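Work through the exercises below with the model open beside you, and try each task before reading its solution.

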Amino acid sequence: MTLSEISAVEMHAVDGEDLWGFHLDAPEAGAVHDAYAFDVRGWALGRRAKVTSVELKDGPRLLWRVPTQIARKELSGRYPLAEGTDAAGFFTIVNSLNLSREFEVLVRARLDDASRVDLATLHGHREPLRTGFEPGIDPLMVTTLGRTGSTILMKVLATHPDIVACPPFEHEPRVATYWLGVMTTLTDPVSYRRQINPTGSIDGTWWTGKEPPLPRRSKDARLAHWLDVDAVSQVAEFCQSRIEAVYREIAAGAGTPAPRFFAEKYRVDRIPEMMWELYPRAREVILVRDFRDMVASMFAYNVKRGREGFRRDRFDDDAQYVVKQIKESVAALATAWEARRDSAHLIRYEDLVIDPENTIASLLRYLGLDADTHADAMAAALSARDPETEWHRTTPDPRASIGRWRDDLSEEARRACEQVLGPELRAFGYPLEEVRV
Amino acid sequence: MTRHPARERISVPLCEIDSVRPGADADHLTSAAVEAPSAGDRLATWTLPVTGWAIGRRSRARQVRVSQGAARWTLPVHDHRADVADRHPGHEWARHSGFSGAVNTLRLRPRFALDVTAELEDGAETRLGTVTGHRAPLRSGYEPELQPLVVTTLGRTGSTWLIHLLASHPSVTAYRPFSFEPRAATYWIDILTSLAEPASYTQQVEGEVRYPGPWWLGSGTRMTSELLPDEELSRWLGSAHVSELAAFAQQRIDAVYLRVAALDEDRPEFFAEKCLPEHNVPQLLHELYPEGREIFLVRDFRDMLCSIRSFNEKRGNAAFGYDGPIAEESYVLDVLAPSVENLLDEWRDRAGSAQLVRYEDLILNPAQTLRGLLGQIGVDSSEERVDDMLARAAESIPGMAVHRTTSGGPQASIGRWRRDLEPPLQKVCEEVFAGALAEFGYEAGGAAR
């Protein structure tokens, strides 16, 4: 049973001034694996500077940084002038459940001077993860960014008797994200193989498996297969059962005895994708807001709280923040919407505020819930004022927050939005002429 | 459809506080108090809240350490406490002198004594108090197919040989002990303990998602009452939820060892696994498996030291906490002695239910020792069975030679400390290990009785 397959290994042209050479022993193009994992093994010999580690990246996400510390004796004869042949080799294991089903992994060398040299890109795919779990409550994912009205939307959703959500809504409940994080770690071979082959120290969080030496696959094929396939599915099933157990507990406390959905916010990462794999009846709302207003709201909220949140503290000025941080997040959200627009439901914050009845009715129809009975009550919850929602507000009235960017953003920040957010604003139906400064 | 009963309750107190003895030191502290817990508290969770304040005299209190042995939590001193400031006018550090957090008592022994210690910015430490109490044993509803046969021991005590011997009994399964030393039980109990930590389970409700690390483990300590305003949810997460995690850990341990047993088409009653006494793993296994068995395997600690030294030299690396070129005397005092003391404490806790095996007896009188041990475990201990086990275990297998550090056979390893240890180190060992040696049945002079 093939669970992971490497369809192509694209080798990058490497400048001879950077490296004496490199080689990827594994994986090879066409390699198939009866596990949600594959080994990455090879060597890289630095010329300009020593290669200290090899990094594996999934888009912007760093999967591994593994030190080059394996001796490759054959290299000393081939590269007599090179230093470091006694520690040029690397080995690591990639958990393909930590990747999209169609994946690209960049393999690159990190040199002693902190520069990087791209070595290869692995193209592959994996089978979806399936478990025997039959959910009694399905996920209603609200995939969004910060300051898009997600907190008030959660509150609105929680008023429906078929939907359970975890109060208080000023917190960020991450029940499903938590358990999928646990699952991703425990279904990683570097972790689960240590039950049988506990390489390295047995101390602290040794069982997460990230500390070298990494355990190799058992040579006992039956045991290895069970660990790689059956046990992985069983661990995933348990994580699903915990999500449901927590939400049943919350539902009991909320007086929602038989919910059909558990509503939770999700970041724009790979967790919603995995939720779709595990829950074929899942629903997903992609919640957006004019990203210029979103940025203005972030800045106002930072002022209100008296600290720089949303990673604003990592940048010198607002424009840089928009170009580097906001652009990446917004682009990822647009990509997620594009990938799942056939199955997900788009809500624009502005529509929710200006036309709550129709926006909520449309959402309930998407969820397959009765839109006639509860839409009005949910719309009323949207405008209810209480200390919890008041703390989140940065304008006296939600309607007043629409288009606030014209007054609130500096000219530099507005120009930055104009320069980099145009495609995403267009994709979500925001008029581009508004971008002009 | 998978269903879970909601609002299932554990009705008995899971943690009770016997006393809180203050220990504030006026030299270092202007004022301090441990406000929670209080003597007489009866908690419905295994989570224990710890709160209070500490105002340093010459230096600001930086953090408070709550600890018992290797189990320790750190609570930053930074909570805003207007009430404390009002009572201590003129003390600039009083306004943010509060500390609060919650600790997982499953990391503690059933009867515990927690030290609460303030660490000041000038490096001074002073005890705020000692909390004594007891917790309920961890129970789950899981009915295991296999019972643990835990070998609680330290490194280089002959434990691999003992596991190998036990695995040659048809009622016991173990997986290739000379090649891999499986730790499936330790793995799952460590996961259970980590997820039962309030710092972790509260992340479900207030998630601080930070990649790429395992953010869901949480960091530091968290006050569950602030993060979980739903008291019932808080109680459930600290009690029934933990029991359900324990049931899953047991189910996985079963699954792994049943799979191992299936490789040889065995139908065992026990799985045998080594456990270090640290991290409370043997204790929690003892609580979760009332029908389980535990063997404390000891060896003259001076011979153990010799064997550690030889094994590290043979492999060319530093293992067993022998972390780099530290003086051997320091290694004995700072690493081995606490480990031995911990092992002894564990033995005292469970001597009523566990069996003691001395390496020397196993080597010098294997048949007699094994027969007695099997009898106590409650499996076939006939002469024929023991002879068969010893014959099978004596067959050479890959990996066995790597474990040996003496050339004259295991018998030659007994009392090796007399020739291998330098006299000053012998003296240090005599002083440090005297109590434990005596309690485990070794003569002060060194030879096993």
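**Exercise 1.** Decide whether A:I286 is buried or exposed, and describe its surroundings in the fold.

*Solution.* The model is a predicted one, and the first step is to count neighbours around the residue in question. A:I286 has 25 C-beta neighbours inside 10 Å, and since a residue is buried if 20 or more other C-beta atoms lie within that distance, A:I286 counts as buried. The second step is to place the residue in the secondary structure, where A:I286 belongs to strand 13 of chain A, which covers residues 283–288. The third step is to list its contacts: once the neighbours within four places in sequence are set aside, A:I286 touches A:T143, A:L333, A:A336, A:W337, A:A344 and A:L346. A further pair can be checked by distance, for A:L145 is 141 residues from A:I286 in sequence, while their C-alpha atoms are 9.5 Å apart in space.

**Exercise 2.** Characterise chain A as a whole: how many helices and strands are there, and what does the radius of gyration say about the chain?

*Solution.* Begin with the inventory, which for chain A comprises 15 helices and 14 strands. Next, compare the radius of gyration of chain A, 25 Å, with the 22 Å that the globule rule gives for 437 residues; the two values are close, so chain A is as compact as a globular protein of that length. The extents of the C-alpha trace of chain A along its principal axes are about 75 × 55 × 40 Å. As for burial, 46% of the 437 residues of chain A count as buried. Finally, consider the contacts in chain A between residues at least 6 apart in sequence, of which 69% join residues at least 24 apart.

**Exercise 3.** Describe how helix 2 of chain A packs against helix 11 of chain A, and state how many residues of helix 2 of chain A are buried.

*Solution.* Two packed helices are described by the angle between their axes and by the distance between those axes. Helix 2 of chain A spans residues 150–158 and helix 11 of chain A spans residues 371–383; their axes come within 8 Å and cross at roughly 145°. The handedness of this crossing between helix 2 and helix 11 of chain A is right-handed. On the helix 2 side of chain A the residues that meet the partner are A:I152, A:K155 and A:V156, and on the helix 11 side they are A:M378, A:A381 and A:L382. Sorted by class, this contact of helix 2 with helix 11 of chain A holds 5 nonpolar residues, no polar residues and 1 charged residue. Turning to burial, 9 of the 9 residues of helix 2 of chain A are buried, and the helix is mostly covered; the buried residues include A:S150, A:T151 and A:K155.

**Exercise 4.** Analyse the side of chain B that touches chain A, and then the relation between helix 5 of chain A and helix 7 of chain B.

*Solution.* Start from the totals, in which chain B contributes 41 residues to the contact and chain A contributes 43 residues. On the side of chain B that touches chain A, helix 3 (184–195), helix 6 (231–237) and helix 7 (240–263) of chain B each supply at least two residues, and helix 7 of chain B gives the most, with 7 residues. By class, the residues on this side of chain B are 24 nonpolar, 7 polar and 10 charged.

The next step concerns the helix pair itself. The axes of helix 5 of chain A (residues 221–254) and helix 7 of chain B come within 12 Å and cross at roughly 165°, and because angles over 145 degrees count as roughly antiparallel, these two helices are roughly antiparallel to each other. The crossing of helix 5 of chain A and helix 7 of chain B is right-handed. Among the residues making this contact are A:W226 and A:F238 from helix 5 of chain A, and B:F248 and B:R259 from helix 7 of chain B. The residues of the contact between helix 5 of chain A and helix 7 of chain B comprise 9 nonpolar, 1 polar and 3 charged.

**Exercise 5.** Locate the cis peptide bond that joins B:A36 and B:P37, and state where B:H279 lies.

*Solution.* The peptide bond between B:A36 and B:P37 is cis, with omega about 5°, and B:P37 sits in the loop between strand 2 (29–36) and strand 3 (42–43) of chain B. B:H279 lies in the loop between strand 12 (270–275) and helix 8 (281–288) of chain B, and its phi is near 65°, a positive value in a residue other than glycine.

Definitions and conventions. Residues are numbered from 1 along each chain as its sequence is written. Chains are lettered from A and ligands numbered from 1 in the order in which they are written. This is a predicted model: local features need pLDDT of at least 70, side-chain atom pairs count only at pLDDT 80 or more; totals for chains, interfaces and linings use all residues. Two residues are in contact if their C-beta atoms, placed from the backbone, lie within 7 Å. Helices (H or I, at least four residues) and strands (E, at least two) are DSSP runs, numbered from the N terminus. Ala, Val, Leu, Ile, Met, Phe, Trp, Tyr, Cys and Pro count as nonpolar, Asp, Glu, Lys and Arg as charged, and the others, Gly among them, as polar. Axes are lines fitted to C-alpha atoms, for helices over the stretch in contact, and angles run from 0 to 180 degrees between N-to-C directions. A crossing is left-handed if the near helix is turned anticlockwise from the far one by less than a right angle, and right-handed if clockwise. Angles under 35 degrees count as roughly parallel, over 145 as roughly antiparallel, 65 to 115 as roughly perpendicular and the rest as oblique. The radius of gyration is taken over C-alpha atoms; the globule rule is 2.2 Å times the number of residues to the power 0.38. A residue is buried if 20 or more other C-beta atoms lie within 10 Å of its own, exposed if 12 or fewer, and partly exposed in between; C-beta atoms are placed from the backbone.
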